[in-house]
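User: I am new to this structure and would like to go through it step by step. Please reason briefly before each answer.

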Amino acid sequence: PLVKCTFPLLHTAPQSRTHASSFAHRCALRQAKRIVVKLGSAVVTRGDECGLALGRLASIVEQVAMLQNQGREMVMVTSGAVAFGKQRLRHEILLSQSVRQALQSGHNQPKDMSVPVLEARACAAAGQSGLMALYEAMFSQYSTCTAQVLVTNLDFHDDEKRQNLHSTLQELVRMNIVPIINTNDAVVPPPEPNSDLHGVNVISIKDNDSLAARLAVEMKADLLIALSDVEGLYNSPPGTDDAKLIDVFYPGDQHSVTFGTKSRVGLGGMEAKVKAALWALQGGTSVVIANGTNPKVTGHVITDIVEGKKLGTFFSETKPLVWIWLFSQRSEIICRLADLLTEKTEEIVAANKMDMEVASSRLPPAMLKRLSLSAAKINSLSIGIQQIATSAQNSTGRVLRRTRVAPNLELEQITVPIGVVLVIFEARPDCLPQVSALAIASGNALLLKGGKEAANTNRVLLQLTQEALSMHGVREAVQMVSTREEVEGLCRLDKMIDLIIPRGSSQLVQDIKRAAKGIPVLGHSEGVCHVYVDADARADKVIGIVRDSKCEYPAACNAMETLLIHRDILRTPLFDQIVDMLRTERVRIHAGPRFASYLTFSPSEAKSLRTEYNDLECCVEVVDSMQEAVEHIHKYGSSHTDVIITENEKTAEQFLQQLDSACVFWNASSRFADGYRFGLGAEVGISTTRIHARGPVGIEGLLTTKWVLRGDGHTVADFSEHGTQTYLHESLPLGQEVVTQSDSN
């Protein structure tokens with residue numbers, strides 16, 4: 001039966017995931033469903049440590065409420081009760097002293113009105129109710145309900161209390177309520193001196209950092225965002241000359257970090273935050289430590305982190321090898337490109353509208369469909385590019401084969417980028433971000449030449465691509481040429497261009513092949529795709545597959561152009577159903593010679609059996625058998641995509657084995673011949689050649705290999721008749737290997 005795939009939209013609520021391990025890369029954070037946001041004392045309080053930073057707090061509440069209303073499950077762990085209470089008690093003390101002084105002013109000299117040192121527990125008791133009232137008022141502006149939960153260390157060490165706490169929090173989350181959690185500082189005992197962060201089941205709630213980590217693991221949260229007053233984790237105390245912000249921190253890297261003093265307020269410092277973060281990471285929760293006080297980013301710091309943007313320090317569980325790290329940068333660029341497509345949809349559509357207005361009187365309908373970019377099409381494009389980011393891991397530097405050819409002599413075959421790729425496409429602006437993402441994922445430099453019909457759209461898309469590349473200072477890795485003369489000149493630079501991929505008409509492919517001087521060309525001829533309806537086909541499958549193959553997107557190169565029908569189906573109800581469906585879909589039928597001979601009044605006869613209509617038109621021809629269908633396809637097809645519809649397994653297997661096309665399907669639409677549907681995220685094109693890639697060309701098609709031989713300096717290859725060298729050719733197991741940065745680049 002015809003398979004229809006659906007993909008989630010970018011802005012739909014994230015689905016709950018199996019909680020087994022933390023996210024590997026920042027770009028995956030957008031999948032986080034349950035998120036714990038920890039607000040440190042330095043974030044919540046003012047600089048004088050008396051009272052709350054109301055403006056900062058309001059912007060944080062707005063972001064949490066927005067994510068909650070998107071369908072995520074938000075939990076807050078907050079400080080601030082002590083500061084709020086200190087402000088309140090200080091005011092009361094000063095007021096009391098002022099009244100007493102006024103009453104006694106006639107009898108004694110004025111006394112010093114200094115405020116005594118306030119005990120923290122008393123401040124917490126005085127401030128908890130006010131802090132919660134403030135949160136309730138702020139969240140109510142966004143129609144978001146909140147609930148206060150006060151906890152102590154004992155609530156986690158007693159199994160019954162811990163289970164009750166867990167049940168309460170789960171029920172609040174289920175009811176779409178944001179739990180606001182804090183340690184009950186009014187009664188909290190001193191921290192246990194010998195109980196630290198050792199293992200998943202033992203953690204002392206010393207501060208809100210450890211509290212947030214414990215709650216995140218208990219509730220199986222996907223992400224913990226810990227906001228502080230510094231940009232993230234530095235390799236030495238911020239402000240020192242050699243201090244550098246750590247973008248990604250891995251377990252075991254503590255020895256490379258020099259921690260400073262603890263926070264100006266609160267109980268914890270950066271060392272406590274790192275310990276808590278690593279403990280949460282061990283429990284399967286991703287962690288980001290970022291600045292919640294910087295006015296430039298406070299208004300969007302939480303949402304930016306959830307979108308996978310590069311803010312603060314991201315904690316990753318497994319330290320990658322060199323080439324995996326390089327992939328991480330490429331993945332971030334691709335994720336950013338996907339985000340920009342969504343963010344700038346209106347700008348892209350406006351530019352495309354300008355191109356469509358100019359081209360409407362010059363291009364045929366099929367070309368106009370390819371030129372058009374709607375908001376829905378851009379959204380699908382963005383989703384496909386995100387797939388590329390997540391599926392490109394280990395693309396370069398991957399060991400394909402390892403052999404010990406002699407003692408102390410090991411040979412490896414590893415994947416490497418092709419180099420500089422020139423891609424030429426006609427009026428298909430969606431190619432630009434697709435191909436760019438594939439080139440970035442595979443480590444190739446890219447030159448692009450788009451059709452002049454899409455000049456405005458291409459200009460905007462190139463700007464977005466280069467903006468994403470600027471994240472890691474490689475803006476010029478993707479460039480565009482604008483004239484035909486430039487392309488002709490590039491086709492002669494065989495020492496600089498490693499591969500040319502023309503994506504367009506057969507004429508374009510042939511022109512590029514003639515112009516290329518010593519540069520390989522990877523392209524396809526026409527997409528003359530066939531669907532053969534066998535005598536043993538089932539009616540419901542036939543109607544569905546033929547309709548989808550021809551009518552879903554007739555301008556695509558994988559759309560059906562010729563329908564081959566077994567002779568026994570003529571003048572049957574199934575044949576009538578096929579014809580009625582095509583007429584209902586307004587498909588113009590061109591009769592092949594044999595089909596026309598069976599009809600008294602036939603449709604217009606096909607001028608050629610090798611026509612790519614790219615529209616709601618197709619050729620219908622009759623064959624006597626599956627073998628004759630194969631012969632017809634070999635003679636008139638383009639080796640692109642061909643389909644058989646039958647319930648006879650033997651017939652189907654013969655068709656699949658005998659037919660020499662890039663894609664051969666049994667009981668499936670020809671429209672499945674697509675990099676997006678193959679799970680490649682996108683495609684550079686569909687190759688009908690046999691060297692070196694065939695079918696939809698994704699990341700793998702933009703890679704080649706090289707051989708690396710490692711010896712001890714004493715091994716000599718002796719091929720003489722009396723050579724004494726013993727060649728073992730022993731296959732060795734594959735595994736992750738450290739590949740040098742030059743190899744990966």
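User: In this predicted model, is Glu-218 buried or exposed?
Analyst: The model is a predicted one. The relative accessible area of Glu-218 is 19%. Buried means under 20%, so with 19% Glu-218 counts as buried.

User: With which residue does Arg-162 form a salt bridge, and how far apart are the closest N and O atoms?
Analyst: In general, side chains of opposite charge can pair when their charged atoms come close. A salt bridge requires the nitrogen to be within 4 Å of the carboxyl oxygen. The partner of Arg-162 is Glu-218, and their closest N and O atoms are 3.4 Å apart.

User: How many residues apart in sequence are the parts that Arg-162 and Glu-218 tie together?
Analyst: Arg-162 belongs to helix H6, residues 159-174, while Glu-218 belongs to helix H7, residues 208-218. Arg-162 is partly exposed at 25% relative accessibility. The pair therefore ties together parts whose separation in sequence is 56 residues.

User: Which elements hold Glu-561 and Lys-550?
Analyst: The side chains of these two residues, Glu-561 and Lys-550, meet in a salt bridge with an N to O distance of 3.1 Å. Both Glu-561 and Lys-550 are buried. The pair ties together parts 11 residues apart in sequence, because Glu-561 lies in strand S16 (residues 560-566) and Lys-550 in helix H18 (residues 539-551).

User: What is the N to O distance between Asp-660 and Arg-694, and where do the two residues lie?
Analyst: Asp-660 is in the loop between helix H22 (649-658) and strand S20 (663-666), and Arg-694 is in the loop between strand S21 (685-687) and strand S22 (695-697). Asp-660 is partly exposed, with a relative accessible area of 33%, and Arg-694 is partly exposed as well, at 31%. The two residues form a salt bridge, and their closest N and O atoms are 3.3 Å apart.

User: How many salt bridges are there by this rule, and which residues are linked in a network?
Analyst: The rule asks for a side-chain nitrogen of Lys or Arg within 4 Å of a carboxyl oxygen of Asp or Glu. By that rule the count is 29 salt bridges. The residues linked in a network of salt bridges are Asp-304, Lys-309, Arg-336, Glu-343 and Glu-467.

User: Which residues of strand S15 are buried on each of its faces?
Analyst: In a regular strand the side chains alternate between the two faces of the sheet. Strand S15 covers residues 529-533, and 5 of its 5 residues are buried. On one side these are Cys-529, Val-531 and Val-533, and on the other His-530 and Tyr-532.

User: Which residue of S16 stands opposite His-530?
Analyst: S15 and S16 run parallel and are joined by 5 bridges. Within S16, the residue opposite His-530 is Thr-562.

User: What backbone oxygen does the side chain of Arg-503 reach?
Analyst: Arg-503 is placed in strand S14, residues 499-503, and counts as buried at 8% relative accessibility. Leaving aside residues up to four places away in sequence, Arg-503 touches several residues, including Phe-425, Glu-426, Glu-683 and Val-684. At 3.2 Å, the side chain of Arg-503 reaches the backbone oxygen of Val-684.

User: What span should helix H2 have, and how far apart are its end C-alpha atoms?
Analyst: Helix H2 has 16 residues, 54-69, and at 1.5 Å a residue they should span 22 Å. Buried residues in H2 include Leu-57, Ile-60, Val-64 and Leu-67. Following H2 is Gly-71, with a positive phi near 110°. The end C-alpha atoms of H2 agree with the expected span, being 22 Å apart.

User: What are the phi values of Ser-143 and Asn-176?
Analyst: Most residues other than glycine have a negative phi. Ser-143 is in the loop between helix H4 (120-140) and strand S3 (146-151) and counts as exposed at 70% relative accessibility. Asn-176 is in the loop between H6 and strand S4 (178-183) and counts as partly exposed at 44%. Both phi values are positive: for Ser-143 near 55°, and for Asn-176 near 65°.

User: What percentage of the residues of the protein chain count as buried?
Analyst: The protein chain has 23 helices and 24 strands. About 33700 Å² is exposed by the chain, with carbon and sulfur atoms supplying 52% of that area. Of the chain's 745 residues, the portion that counts as buried is 53%.

How values were computed:
Residues are numbered from 1 along each chain as its sequence is written. This is a predicted model: local features need pLDDT of at least 70, side-chain atom pairs count only at pLDDT 80 or more; totals for chains, interfaces and linings use all residues. Side-chain values use heavy atoms; hydrogens and water are left out. Helices (H or I, at least four residues) and strands (E, at least two) are DSSP runs, numbered from the N terminus. Buried means under 20% relative accessible area, exposed over 50%, partly exposed in between (1.4 Å probe, protein chains only). A polar contact is a pair of N or O atoms within 3.5 Å; within protein, one must be able to donate a hydrogen and the other to accept it, and residues adjacent in sequence count only if both atoms are side-chain atoms. Contact means heavy atoms within 4.5 Å. The expected span of a helix is 1.5 Å times one less than its number of residues. Accessible areas come from the Shrake-Rupley method with a 1.4 Å probe; for residues, only the protein chains shown count as cover. Two strands pair if DSSP finds at least two bridges between them.
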